Amino acid sequence: MRHHHPDAGAPGTTDTPARPAGPSLSRRGLLLLGGAGLASPLLAGLTSSGSAPAGAPALVPRGHDDDVLDARDYGAEGDGREDDTRALQRLLDASARRGRVAYVPAGTYRCSAGLLLRSGVDLHLARRARLVKDWAAPPGMTDAFLRNADFAVKSNEVRITGPGTIGARDHGMTGVVLALYGDDVTIADITIDTYAGGQAVMFAGDRGRIDGITVRGSAPEFGTGGIRVIGGADFLGTGCHVESGDDCLQFVPIGNPEAEPTLYNQSITGGRFVECTGASSASRFMVALLEFTGGEPGTTDMDASVVDCSFQDCHGSAVNRGIVVKNTHSRGAIERLAFTDCTIDMSRAADASTQEIRVQTDPASRGAIRDVTFTRTDVIDAVNSPVRVGGPNISRLTFDGCTFTAPSGAAPTSVVVDGTDQPRFHDCTFVGAPGKRLLVVGPANPVTALSVEDCRFTDLESLWALDLLGVAGARVTGSVFEDTGAASTARAIRVSPTATDVVIEGNDFTGISHPEPVTDRASGAALEGNTGA
């Protein structure tokens with residue numbers, strides 16, 4: 001085993017381990033060289049006289065307080081055989097205590113227990129440095145590989161940067177990989193590779209930043225989640241790629257009071273995922289959920305909310321719904337949630353009674369979903385219904401500039417809206433197929449104040465493009481309806497006898513072959529200024 005300073009990181013000491021005298025590498029220099037894969041050979045190549053090896057760039061001397069702390073000087077072997085847990089813990093503690101970078105050079109560092117991250121830890125994993133979890137644990141945060149020392153106390157200003165890797169020895173070594181509760185946390189450029197039975201990342205706190213990380217190698221079965229935000233304000237995840245056996249990108253407070261009592265029922269405000277990609281092999285790509293998770297509902301009511309959060313320019317695939325917005329167990333609300341310029345490939349979904357985009361509350365819930373917008377957000381290769389919305393307590397749901405293509409599977413409808421107040425479809429395109437209705441409103445529970453504006457319904461072959469069933473107040477304006485021609489029996493709009501206060505005006509029905517494009521079964525429905533009617 002490598003010899004190291006006997007006092008390195010020992011409790012009560014303040015000195016760093018003895019290192020050769022001479023030039024030191026600055027924090028900035030380390031990060032610049034680390035990104036190019038050069039830091040490890042330069043650090044390893046310093047001679048006892050402090051000179052760099054021949055041909056290597058000269059290192060600029062820095063003050064003592066700008067030194068990095070090298071894992072090898074704390075006893076870490078990095079050979080994949082020795083247990084490096086204690087050595088790495090000493091390194092992390094020294095980094096927090098002295099405010100210096102904890103540098104882990106290339107190698108495989110086997111750990112048989114979790115590593116605790118206190119406020120101020122600055123961990124940098126060099127290229128080809130790998131921290132390996134070599135024990136199985138339950139899925140909770142308290143047994144995560146890298147985690148807070150105490151989840152009742154925030155670990156603030158923690159930094160974990162790459163380009164190294166954190167993961168498990170194999171899929172039998174279950175548990176959460178990285179769990180952090182703290183403010184001003186940065187996780188960047190690392191790879192999480194090989195994990196099962198828990199999340200890759202669970203985070204709560206204010207001003208968290210996760211940038212450019214890669215999550216891969218999850219167990220393919222359900223139960224291995226990607227990046228989950230569980231609480232806090234002003235989170236930003238950018239440029240990440242997440243391959244998961246469960247949900248990939250998540251705004252999901254902890255909804256089981258027995259799972260993580262300290263972090264249960266926290267609200268999330270101002271969170272964003274931007275330019276992230278990925279794939280779920282068993283579940284969903286993007287979710288915002290208020291529900292009991294990880295156990296059966298307890299006796300404590302939730303009142304957490306998810307507010308002012310967004311997914312922007314995110315693209316991925318899933319097999320069991322692509323996007324889910326769901327509040328079934330909180331008196332709080334999911335509100336002002338936005339999906340902008342996102343796509344979800346659902347070509348691998350089963351042909352079953354699931355939906356590619358699902359917005360849902362529970363009838364017994366006192367919570368709500370409000371002001372959710374989908375802008376230029378599309379389902380690609382839908383197998384099942386691309387969208388299903390079911391209330392109550394859902395209001396001001398908007399689809400703007402979206403394209404809905406009829407499902408390739410047996411589902412008879414594309415978009416179904418139930419129990420919702422003020423749903424709006426603007427500048428959307430609905431593409432039909434034989435035997436499919438494109439937009440069905442109020443089949444089970446009334447919808448109020450529906451607006452369909454400047455939309456296009458194409459490739460209609462049979463049935464109705466827009467089926468207004470349980471509707472109290474609807475306005476269909478400026479939209480174009482086109483069938484496939486030839487032997488098409490399609491009609492544009494059906495208004496059921498239970499619908500009230502329906503206005504259909506300024507639409508173009510010239511592309512409908514049937515002589516009666518609007519089947520008006522409701523008394524009082526107003527048809528004004530339409531062409532081809």
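Strands here are DSSP runs of E at least two residues long, numbered from the N terminus; by that count, proline 392 sits in strand 34, residues 385-400.

**View 1. A cis peptide bond in strand 34.** This is a predicted model, and the close-up goes straight to the bond between glycine 391 and proline 392, which is cis with an omega of about 15 degrees. The proline belongs to strand 34, which covers residues 385-400.

**View 2. Another cis bond, this one leading into a loop proline.** Glycine 162 and proline 163 are also joined by a cis peptide bond, and omega comes to about 25 degrees. Proline 163 is found in the loop that links strand 9 (159-161) to strand 10 (165-168).

**View 3. The whole chain, for orientation.** Across its 533 residues, 57% are buried. The secondary structure adds up to three helices and 49 strands. Take the contacts with a separation of 6 or more: 77% of them are between residues 24 or more positions apart. The accessible surface is about 19800 Å², with carbon and sulfur atoms contributing 49% of that.

**View 4. An open parallel sheet of eleven strands.** Follow the order 2-4-7-10-13-16-19-23-27-30-33 and you have walked across the sheet, with parallel pairing. At the edges are strand 2 (79-83) and strand 33 (378-380), each pairing on one side only. On average, neighbouring strands of this sheet are turned by 15 degrees against each other, ignoring direction.

**View 5. Strands 16 and 19 up close.** Strand 16 (residues 214-218) and strand 19 (residues 241-244) run parallel and are joined by two bridges. One to pick out: threonine 214 has histidine 241 in strand 19 as its bridge partner.

**View 6. Helix 3 across the strands.** Helix 3, residues 85-98, lies across strand 2, strand 4 (107-111) and strand 7 (129-133). Against strand 4, the helix runs at about 100 degrees.

**View 7. Aspartate 308 with a positive phi.** Aspartate 308 isn't a glycine, yet its phi is positive, at about 55 degrees. Look for this residue in the loop between strand 25 (306-307) and strand 26 (310-312). Aspartate 308 has a relative accessible area of 38%, so it counts as partly exposed.

**View 8. Arginine 376, just ahead of an edge strand.** Arginine 376 is found in the loop between strand 32 (368-375) and strand 33, and strand 33 is one of the sheet's edge strands. Here too is a non-glycine residue with a positive phi, about 50 degrees. With a relative accessible area of 43%, arginine 376 is partly exposed.

Notes. Residues are numbered from 1 along each chain as its sequence is written. This is a predicted model: local features need pLDDT of at least 70, side-chain atom pairs count only at pLDDT 80 or more; totals for chains, interfaces and linings use all residues. Side-chain values use heavy atoms; hydrogens and water are left out. Helices (H or I, at least four residues) and strands (E, at least two) are DSSP runs, numbered from the N terminus. Buried means under 20% relative accessible area, exposed over 50%, partly exposed in between (1.4 Å probe, protein chains only). Contact means heavy atoms within 4.5 Å. Accessible areas come from the Shrake-Rupley method with a 1.4 Å probe; for residues, only the protein chains shown count as cover. Two strands pair if DSSP finds at least two bridges between them. Axes are lines fitted to C-alpha atoms, for helices over the stretch in contact, and angles run from 0 to 180 degrees between N-to-C directions.
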